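Here are a few exercises to work through with the model open beside you. Try each task before reading its solution.

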Amino acid sequence: MKKEKSMAQVLTEFDTIAAISTPIGEGGISIVRMSGEDAIKIANQVFKGANLAKVDTHTIHYGHIINPQNDQVIDEVMVTVLRAPKTFTCEDIVEINCHGGIVVTNKILQLLLSSGARMADPGEFTKRAFVNGRIDLTQAESVMDIVRAKTDKARQVAVKQLEGGLMHQIRAMRQEILDTLANVEVNIDYPEYDADQVTAKQMSETSQSVINKINHLLKTSQQGTILRNGLATAIVGKPNVGKSSLLNYLTQSDKAIVTDVAGTTRDTLEEYVSVQGVPLKLIDTAGIHHTEDKVEKIGVERSQQALEKADLVLLLLDSSKELSDEDKMLIKLTEPKKRIIVLNKTDLGQKLSVDEVKELTHSEIISTSILKEKNLEELEGAIKELFFSGIENSNDQVLVTNQRQVALLKKAKGELEDVIDAVNNDVPVDIAQIDFNGAWDTLGEITGDSAPDELINQLFSQFCLGK
Ligand SMILES: Nc1nc2c(c(=O)[nH]1)N(C=O)[C@@H](CNc1ccc(C(=O)N[C@@H](CCC(=O)O)C(=O)O)cc1)CN2
Ligand SMILES: Nc1nc2c(ncn2[C@@H]2O[C@H](COP(=O)(O)OP(=O)(O)OP(=O)(O)O)[C@@H](O)[C@H]2O)c(=O)[nH]1
Ligand SMILES: [Mg+2]
């Protein structure tokens with residue numbers, strides 16, 4: 001077995017890192033952040049103002065960053081001093097709040113690097129928070145999810161995960177497995193029973209108990225993924241029915257080009273939007289129809305791909321025209337999907353009635369005029385209703401939201417099922433125990449309690465610089 005490094009060993013390997021933690025660009029203020037043993041010493045070399053080695057922790061100080069080589073003033077700043085261990089990384093942190101210009105911010109970073117700091121890797125601050133035990137991997141992932149959240153719901157789910165609910169549940173499952181393993185020793189001390197038989201029974205029971213908990217978590221993953229990524233909602237229909245107009249209305253923008261020319265939209269367009277609290281990833285598509293045009297053909301193919309991937313389809317029909325073969329084909333094609341049918345252009349003379357469409361489908365039908373903004377709240381309400389039907393209100397629930405966690409939960413479940421199978425088939429206890437130990441390790445990968453270094457490095461490398 002690989003020997004684990006002691007925390008002290010890990011810590012002594014840590015040098016002082018620096019990075020710009022705000023977006024690169026012009027802005028009011030930028031933050032250059034340092035973490036590590038020498039953070040305060042390095043800051044003191046370039047700061048003119050209070051002696052940072054003497055100030056209280058969690059205090060902020062006015063002064064100037066100067067180039068110690070020639071005493072030239074680089075910028076007027078505010079510097080925050082945060083001493084270990086009660087900091088984001090559990091190390092000494094210094095944050096320099098400078099004016100938000102690209103040149104000045106970079107210059108300050110360069111100065112820190114030439115004074116003894118090392119450029120941080122992407123995600124390295126958060127990685128230190130993890131290695132130093134302040135957060136687990138699920139919390140680290142949630143930090144990134146907060147940064148990347150496209151809708152308020154996605155933010156809400158991520159902040160919930162940051163509280164550590166998922167971590168606690170996983171750790172409790174691991175503890176159950178560990179307690180059972182500890183019992184193995186005890187069983188040997190009771191010779192009146194067959195120790196192996198008792199052990200096998202306990203392993204099998206614990207496996208079932210943990211499987212039940214895993215199933216419960218896996219059940220949340222579909223909802224969790226949708227809340228995190230947005231419900232993929234494809235707006236489809238034949239050309240010129242008002243698909244792009246609908247995207248523009250729902251996003252309250254003019255992101256999509258709208259004209260009276262059929263075939264205006266050539267490529268799919270994605271926008272994140274919250275509709276009555278429902279997080280949607282809206283996809284405007286090129287009108288689906290038969291075409292020989294080379295460019296349009298590719299657009300139509302993309303529309304079909306978007307349709308296949310969609311969680312929800314908004315199928316638009318033009319109510320001022322009779323139902324065409326293409327419309328009928330689209331009604332058939334989208335039949336297996338969660339769907340709302342939108343009869344648009346009700347402001348024009350009506351040639352297609354709700355009743356006529358009802359004969360072809362059980363889906364909800366909403367009549368709208370997107371141009372005149374008629375009945376669009378009803379459409380939004382229908383989206384919301386469809387979304388929340390069959391979904392528990394999730395505000396306080398722990399949700400599994402990412403594929404890494406789902407894959408590891410499934411793997412652990414498989415290992416535990418193998419334990420039960422082995423026990424049922426009278427496989428020797430020490431063989432069954434291999435999978436039992438395996439499940440313990442797999443669950444540990446979710447929280448990072450037993451994750452290999454490569455995995456941890458790979459995960460944090462996806463973070464932004466300065467995070
Ligand atoms: N200026 C600044 N703003 C920021 C951050 C930062 O690093 N710097 N954060 C960075 O992402 C986020 C805040 N996250 C943080 C999480 C934990 C701790 C922290 O010091 N935790 C300690 C002590 C808590 C306490 O004082 O009670 C701990 O948990 O031990 C600080 C920030 C967002 N805003
Ligand atoms: N009268 C009327 N016109 C509408 C309505 N909704 C959209 N239109 C118009 O219909 C035309 C086509 O609208 P688009 O939103 O570009 O239609 P589309 O489905 O995206 O079309 P393609 O991208 O070509 O497939 C534009 O001139 C819109 O202003 C409506 O409710 N009533
Ligand atoms: Mg369009």
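**Exercise 1. Find which residues are around ligand 1 in this predicted model, and how they divide into nonpolar, polar and charged.**

Step 1: List the shell. Ile31, Lys86, Thr87, Phe88, Glu95 and Arg134 are the residues around ligand 1.

Step 2: Sort them by character. The shell divides into 2 nonpolar, 1 polar and 3 charged residues.

Step 3: Turn to the record. In an unreviewed entry, UniProt lists Arg33, Glu95, Arg134 and Lys467 under "binding site". Glu95 and Arg134 are also named in the shell around ligand 1.

**Exercise 2. Decide whether Arg33 is buried or exposed, and do the same for Arg134.**

Step 1: Place each residue. Arg33 sits in strand 2, which spans residues 27-35. Arg134 belongs to the loop between helix 4 (124-131) and helix 5 (137-148).

Step 2: Count neighbours for Arg33. A residue is buried if 20 or more other C-beta atoms lie within 10 Å of its own. Arg33 has 25 other C-beta atoms within 10 Å, so Arg33 is buried.

Step 3: Count neighbours for Arg134. Because Arg134 has 17 C-beta neighbours inside 10 Å, Arg134 counts as partly exposed.

Step 4: Look at the contacts, leaving aside residues within four places in sequence. Arg33 is in contact with Ala18, Ala19, Ser21, Ile93, Glu95, Phe125 and Gly466. Arg134 touches Cys90 and Ala129.

**Exercise 3. Work out how strand 2 pairs with strand 1 and with strand 6.**

Step 1: Start with strand 1 (residues 17-20). Strand 1 pairs with strand 2 in the antiparallel sense over 4 bridges, and Ile17 stands opposite Ser35.

Step 2: Inspect the hairpin of strand 1 and strand 2. There are 6 residues between the strands, and Gly25 takes a positive phi near 160° in this hairpin.

Step 3: Move to strand 6 (residues 93-100). Strand 2 and strand 6 pair in the antiparallel sense over 8 bridges. Across this pairing, Ile31 has Asn97 as its bridge partner. Ile31 is also one of the residues around ligand 1.

**Exercise 4. Describe the residues that surround ligand 2: how many are there, and how do they divide by character?**

Step 1: Count the shell. Ligand 2 is surrounded by 24 residues, of which Gly242, Ser244, Thr265, Gly287 and Leu371 are the closest.

Step 2: Ask which element gives the largest share. The answer is helix 10 (residues 243-251), with 3 residues.

Step 3: Sort the shell. The division is 8 nonpolar, 12 polar and 4 charged residues.

**Exercise 5. Map the domains, then locate Ser319.**

Step 1: Read off the bounds. The domain assignment gives domain 1 (17-120), domain 2 (139-220 + 400-460) and domain 3 (230-388). The C-alpha centres of domain 1 and domain 2 are 42 Å apart.

Step 2: Check the record for residues 230-388. An unreviewed UniProt entry annotates them as "domain: TrmE-type G". This span is 33% helix and 24% strand, and its end C-alpha atoms lie 13 Å apart.

Step 3: Place Ser319. Ser319 is in the loop between strand 11 (312-318) and helix 12 (325-333). With 26 other C-beta atoms within 10 Å, Ser319 is buried.

Step 4: List its contacts beyond four places in sequence. Among them are Leu343, Asn344, Lys345 and Ser367.

Step 5: Compare positions. Ser319 and Arg33 are 286 residues apart along the chain, and their C-alpha atoms are separated by 59 Å.

Technical notes:
Residues are numbered from 1 along each chain as its sequence is written. Chains are lettered from A and ligands numbered from 1 in the order in which they are written. This is a predicted model: local features need pLDDT of at least 70, side-chain atom pairs count only at pLDDT 80 or more; totals for chains, interfaces and linings use all residues. UniProt positions are given in the numbering used here, feature names are shortened, and annotations may be inferred rather than shown by experiment. Helices (H or I, at least four residues) and strands (E, at least two) are DSSP runs, numbered from the N terminus. A residue is buried if 20 or more other C-beta atoms lie within 10 Å of its own, exposed if 12 or fewer, and partly exposed in between; C-beta atoms are placed from the backbone. Two residues are in contact if their C-beta atoms, placed from the backbone, lie within 7 Å. A residue is near a molecule or strand if its C-beta atom, placed from the backbone, lies within 6 Å of it. Ala, Val, Leu, Ile, Met, Phe, Trp, Tyr, Cys and Pro count as nonpolar, Asp, Glu, Lys and Arg as charged, and the others, Gly among them, as polar. Two strands pair if DSSP finds at least two bridges between them. Domain bounds come from an automatic or database domain assignment.
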